[in-house]
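Reader: I am a first-year student, and I should be grateful for a close look at a single part of this structure. Please begin with one pair of strands and proceed from there to the surroundings.

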Amino acid sequence: MLQCIFIISNSGEVILEKQLQGHRADRSLCNWFWEYAMTQGGELSQLLPVIASPTHYLFQIFREGIIFLACTQVEMPPLMGTEFLCRVADIISDYLGGLNEDLIKDNFVIVYELLDEMVDNGYPLITEPNILREMISPPNIVSKMLSVVTGRSSNVSTTLPVATQSCAPWRKTDIKNSGNEVYVNLVEEIDAIVRSDGNLVKCEIYGEIQVDSNLSGYPDLTLSFANPTILNDVRFHPCIRFRPWELYQLLSFVPPNGQFKLMSYRVKKLKSIPIYVKPQLISSSGSCRMTVLVGTRNDPGKPIDSITIEFHLPSCVTSADFTSNHGTVNILADKRCSWSIGRIPKDKAPSLTGNLVLESGLSSLHVCPVLQAKFKIMGVALSGLQIDRLDVKNMPTQPYKGFRALTRAGEYEVRS
Amino acid sequence: MFPQFGATAESLSKASSLVFRIGTDAHLYDDPDDVSIAPLLDSSFDSEKAEALKRLLALIAQGEDVSNFFPQVVKNVATPSSEVKKLVYLYILHYAEKRPNEALLSINCFQKDLSDANPLVRAWALRAMSGIRLHAIGPIALVALSKCAKDPSSYVRKCAANALSKLNDLHQEENASSLEELVSILLNDHSPGVVGAAAAAFNSICPNNLSLVGRIFRRLCETVPDVDEWGQIALINILLRYVIARHGLVEESIMASSHPSENSDSRRELFSIPAPDRGSILVEVEPSEHIMRELMLRHYIEGPEQYSSRQIDAKEDDNGSNNNSYFTSIENNDVKLLLQCTSPLLWSQNSAVVLAAAGVHWVLASQMDMENIVKPILFVLRSSYASRYVVLRNIQIFAKAMPSLFSAYHEDFFVSSSDSYQMKVLKLDILSTIAAESSIPFILQEFQDYIKDPDRRFAVDVVAAIALCVKNLPSVAKTCLEGLLAIVKQESSIKHYGSLEGEAGVLIQAIMSIKTIIKQDPANYEKVIVHLIRSLDNIKEPSARALIIWIVGEYSDVGHIILKIIPVVVSYLGQCFSSEELEAKHQILNTVAKIVLSAQGEEHELFRKVLFYILDLAKVDLNYDIRDRGRMIEKLVTSQPKISHQEGILHVEPDSILLDELLKNMFCGKIQSVTGAINHFRLYLPGSLSQIVLHAAPGYTPLPQPCSLPEMALENRMSQDGIEAANSSDSSYEGSQSSYYDSEGSIPSPVDGENPDSGSESDVADNDHYMLRGANGSPDATAIGQLIHLTDTSIHDGTAKQSTAENNTSSATDLTNLMSKSALESWLNEQPCLPSVNSSADPSRERSSARISINEIEVSVKPKLNVLLEPANGNGLRVGYSFTSEISKISPCYYPSKVPTIVPMEEIDSLHPGDMARSILQVHFHHHLLPLKLAIYYNEKRHPVKLQPDIGYFTRPIAMDLNAFTKLENHLRGMFEYSRRCTFADHINIVDQEKGQSSLNDDKILLICRKIAAKMLSSASIHLVSVDMPILLKFDEVSDLCLRFSSEILSNSKPCLITVTAEGKCSEALDISVKVNCEETVFGLNLLNRIVAFLSSNSVS
């Protein structure tokens, strides 16, 4: 089981350590880890999640500039380690309203208290955000002001949340909300691989259903889809009952209070992509002319926002200059180019042209950059998944129900 | 662009963050020790205490050691404020290991908190208390734990379950059983959350006590969906292990598929090293898959120790092959239930749960249903970024064992530019494994794109993967070769590499891949070779050139075109020799030599010329290696018999035939494809850490041996009442020992000492049958080893009037009542220490003890008489038996059978009332302690009886002196030494009697010695080596009385030494400790138990 958790900044400073077991893991482990990370090229996001150090097995995740590092000396499911660290990162980020070095340092007491409740003897104890919120209240303006004015504050609850005892640990029983509303939000990411000749290699949608529930009492919700058969894969929040899904493809659940991810799904083998990106590379004696055209392929019916095209210039390119007829182009130090287009104008197709100077000895570019597109379409779920109805039972008055949808680019790649 | 603006923005954000930091603990983290902490800790205000503690926490976070505040902090634990309490607990737990003694100070406070009305306080106290790693605290913590395990709050019970493994870490032997009991209580808890935590505790405390699970298996399965996600992982692992141990592997599953049940031959070979051609047995399974599956079966079940030991002695282990119950069917209810209750977990949001559930299905589910796990684990790849690597590593193994499973999902493994290098390589490996006829066009198209990847390391791997694909699917060879040639062409056009490190690698790998492909059918790919040769002009990279030159030499005699261009090529090579790099020079030398050797006809002369030209150049080369090789080749080639030129005149010396052979082997041998590298890696259970780091992490446990948990053990568990106690009589104890003994490693003995299972019973029944035929004189059963003097006696009881009827007492049987005097004497004669007392003190010993020998001991030695047939049952016939220590004349290796065998014996014609007949039955027990079922026939009636073998007679006395004894004893120390204590009370009566009579001169201690010796000698076939008797002032006290016995095991002649030490008062029961030194652990332990059993049993003399 986990022995110790370290939180490390992206400059290698250990922000805090939390020993979880009687056997302490020494801090020097972090030095070893940091040196290892540097020998691996220093790209923190590319490090392996499971590393065998000479003395310990390390699990690590990298989130927004912070490394969460846990160690163990015995066999345990490695995914349990990484998954738990993800949970820790989620909850801390949720509490502090983001993740960065200063935030963690400023709220180190809360982080300690959270970690102490989340894990006991290296084994996850409470990871349910709703219960944790009851046990340790998150920092907010009021409590900060209070502490400034009165000079004292306590964010540790004196009573045990009732939900720890119930069989639905994600919800406490006596919730009273002033509002009486539930929002269902479809957030989809479109993954696509397009070859240089414009052929679609694969296109699929990864989607999440996010629910924001502000309902009092103990509501029982049933969500049904008009076309559940298009769902290829699904993963559920623990509140979803398995039987109704197995039998009728219905989502029946008692929702946690507040925002949560109800399910995630995948729709595969889609045929159409909203925008096209056409890169073209023409090499001639030591230099290479690059043009990229972007345009709407299949109009989703809603405007496509904040389009950005990013790519890495190959290492054999010594210099490059780009001009575009729309939007701005930036070349960063690590040879990363980013062309932010925004919305596609009606009158012209945005294009990017540039000249790449190749390393001497190369007559033509033999490696090809992969272009990644980012965009966002509000109000549309490109997978075509439709929510049929949402029934709320166990409520005295029918709540307000809201539905929204959003599609953005996931791993949307165009090879050149 | 606008640096000044950027600066403003930065300072703005700094200012805003300053605003945000107000009211947080920021200042505490930044300057934790700007005020002195100690007075704050002693403050009477909670807020000041809290501040001080926060400062300490900040120091801990920054890695400072603030354990010196421990005493001051600890006393604050009594605070009513929950915040301070929480902070104190945080502090204490951090330093509990370092300052355990001071932590003790707080124990009273913890105990008070444990009975607090607030469950949160109780839980905190329990967590803090169990976190203190101090042995002294063990018992107190255990009491607290048992109390908390029954707490009304499930949260406290959950914490109690977690605390169990903390306590277990202290390694307190005496607590082990109570911990297990608590685990069992908590596993039975009605709250799913507690069950999950208890499952984790089970895994760390008693992972092998699977019988705990048996009783509640169904209930546990039903609670699985309600258990919290972390508990699910631990729980389904236990359930899987239980099912394997209880029911064995599933016949339809992938693990069993390497094990075709129809084919008994391959079944026997199951555990042997897989032969490369094994795949031919199963038509539908590829050889490599098949090997993979076999490996899986083997590796999942055996632990690291077994693995390494097998590596060393390569011993064949055929555990499973003779056990039909090794397999169960998918229809088994428990298997079905477990699969059913884990299926919904595949939809879990926690990727660890998904993978754990997939692991259960991988092991148990039938191959048809395996499809179910594919989509969920592939979805994990997309939905949880952090888990991708681990999941891919597991998929890699799954795909190798069953490529068809994933072949339809190749799209999921297409590389994305955001993947790290390791992930790309993993995906590539999976893609080339699962490539099938239907998907290969798409995969190859992808590969074409990958070759253009900016990361050239990856491009090299892609080129290598192409060759792998061709190996699996020869039909695409043509397309691939074209592609590879294009790569060669493109890469060779790059003039010099400069900073382009990887480029050369791509080129070399492309040629290597071509080489691997053409190797399979060189004649067919002649054009490819020609193409490569042509590109020699453009390729500059020395290694690449060397490779191509090697290909020329290897395939110089293939096809037609090559034959034609070879002269040109050879001249070309000769020309460019001097400008080549070292590597290529070597290959030119070899290649031209090869061509000369294989060439025929007119070109031969040309080749020789070129060769000698090159050799001349080589002689003056700068590199000594080239010079040496040149000389060697010259020597070899010139001494070659030029048969072709001197037609008709064959004067071949025998020497040159040898040389010819040598040359052929050196230069003309064709390489064989090498396979079997797969055997070198080790597989671990899916989802385990060991599988990721590729070595067995500490605490890794493989699956249990299939069917190692017998039903009996379970049922017994289920009715944990008096039955068990009743059964645990001496005989059943021996029984369980015996079943352990004969198991030879196949089935570990039942956990709680039950009678031998049905299998061995039938074994005995067989013997019975044997015996019947034995009466007809047919079987040539054999035996030796143990030998039984067998006397058939009828009893002289008045009741016995069966007289003449006895005539037809049939042969069979054994037993004996009394040993005839002569037999007894002959046996005793072997006792070496008959002579009279020579009680001289041994000066070499520091202790004042006397070594004595005991005379007349034979009188009191009565071989133990066992009753085979009671007169009451036997219609007046009484049959008794005892073991002798005579050695049978039948050779031990005569009948190598493993079951006890019997030498036929003669019938006893008739027996008169009151008469006694004695005969000898020879039984070879083969080291088995199972009772032997026999039948006695007399008066045409059959009387089934049981003959209990006695391990005491599985040995043979060997005479040795004390020096030899101590020497041998020194060799058998440590793990070969076992000891137990018991009490001995036999002497009391006699001592008392003696008291009444006057024999003052008869030393009591001597009497005791004699008594013990007699009892030992009459219960086991051993030799008395020496008796050390203490010389003490207190005449009623015995201490350090020491008797030594020696013997050797009959079956393998390994020595077995027994030392008996007695202590205590003469008039009371003596404290005896028995020590056995024996190389054979199991035998030694059994013998020890036997000795202790008979020494402590109160025999009526």
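Author: The pair chosen here consists of strand β15 (residues 287-296) and strand β20 (residues 351-358), both of chain A, which are joined in the antiparallel sense by seven bridges. The model is a predicted one. Within this pair, A:Cys288 has A:Leu356 of β20(A) opposite to it.

The two strands belong to a wider arrangement. Chain A has an open sheet of four strands, placed in the order β14-β15-β20-β17, and their pairing is antiparallel. In this order, β15 and β20 stand between β14 and β17. The edges of the sheet are formed by β14 (275-284) and β17 (317-324) of chain A, each of which pairs on one side only. From one strand to the next, the twist averages 15 degrees.

Other strands of chain A may be read in a similar manner. Strand β16 (residues 304-312) of chain A runs antiparallel to strand β21 (residues 370-378) of chain A, and five bridges join them. Here A:Thr308 is found opposite A:Lys374 in β21(A). β16(A) also pairs with strand β19 (residues 336-342) of chain A, again in the antiparallel sense, over six bridges. In that pairing, A:His312 faces A:Arg336 of β19(A).

A further open sheet of chain A contains three strands in the order β12-β10-β22, and its pairing is antiparallel. Since β12 (250-253) and β22 (387-393) of chain A each have a single partner strand, they stand at the edges, and one side of each is therefore left without a neighbour in the sheet. Averaged over neighbouring strands, and with direction ignored, the turn of one strand against another in this sheet is 10 degrees. Strand β10 (residues 220-225) of chain A is joined to β12(A) by four bridges in the antiparallel sense. One residue of this pairing is A:Ser224, whose bridge partner in β12(A) is A:Leu250.

The surroundings of these sheets include a second chain. In chain A, 106 residues are in contact with 112 residues of chain B. The size of an interface is often given as the accessible area lost when the parts come together. Between chain A and chain B this buried area is about 9500 Å², and carbon and sulfur atoms give 54% of it. Of the area that chain A buries against chain B, A:Glu75, A:Leu79 and A:Arg235 supply 9%, more than any other three residues.

Charged and polar groups also meet between the two chains. A count of salt bridges between chain A and chain B gives 16, while the whole structure holds 51 over all chains. One salt bridge links B:Lys86 to A:Asp116, with the closest N and O atoms 2.7 Å apart. This pair crosses between chains, with B:Lys86 in helix α6 (residues 82-95) of chain B and A:Asp116 in helix α4 (residues 108-118) of chain A. Another salt bridge is formed by the side chains of A:Asp120 and B:Arg127, at 3.4 Å from N to O. Polar contacts across the interface of chain A and chain B amount to 46 residue pairs. On the side of chain A that touches chain B, helix α2 (residues 78-96) of chain A gives the most, with eight residues. The residues of this side comprise 45 nonpolar, 30 polar and 31 charged ones.

Methods
Residues are numbered from 1 along each chain as its sequence is written. Chains are lettered from A and ligands numbered from 1 in the order in which they are written. This is a predicted model: local features need pLDDT of at least 70, side-chain atom pairs count only at pLDDT 80 or more; totals for chains, interfaces and linings use all residues. Side-chain values use heavy atoms; hydrogens and water are left out. Two strands pair if DSSP finds at least two bridges between them. Helices (H or I, at least four residues) and strands (E, at least two) are DSSP runs, numbered from the N terminus. Axes are lines fitted to C-alpha atoms, for helices over the stretch in contact, and angles run from 0 to 180 degrees between N-to-C directions. Contact means heavy atoms within 4.5 Å. Buried area is the accessible area (1.4 Å probe) that two parts lose on being put together, summed over both. A salt bridge is a side-chain nitrogen of Lys or Arg within 4 Å of a carboxyl oxygen of Asp or Glu. A polar contact is a pair of N or O atoms within 3.5 Å; within protein, one must be able to donate a hydrogen and the other to accept it, and residues adjacent in sequence count only if both atoms are side-chain atoms. Ala, Val, Leu, Ile, Met, Phe, Trp, Tyr, Cys and Pro count as nonpolar, Asp, Glu, Lys and Arg as charged, and the others, Gly among them, as polar.
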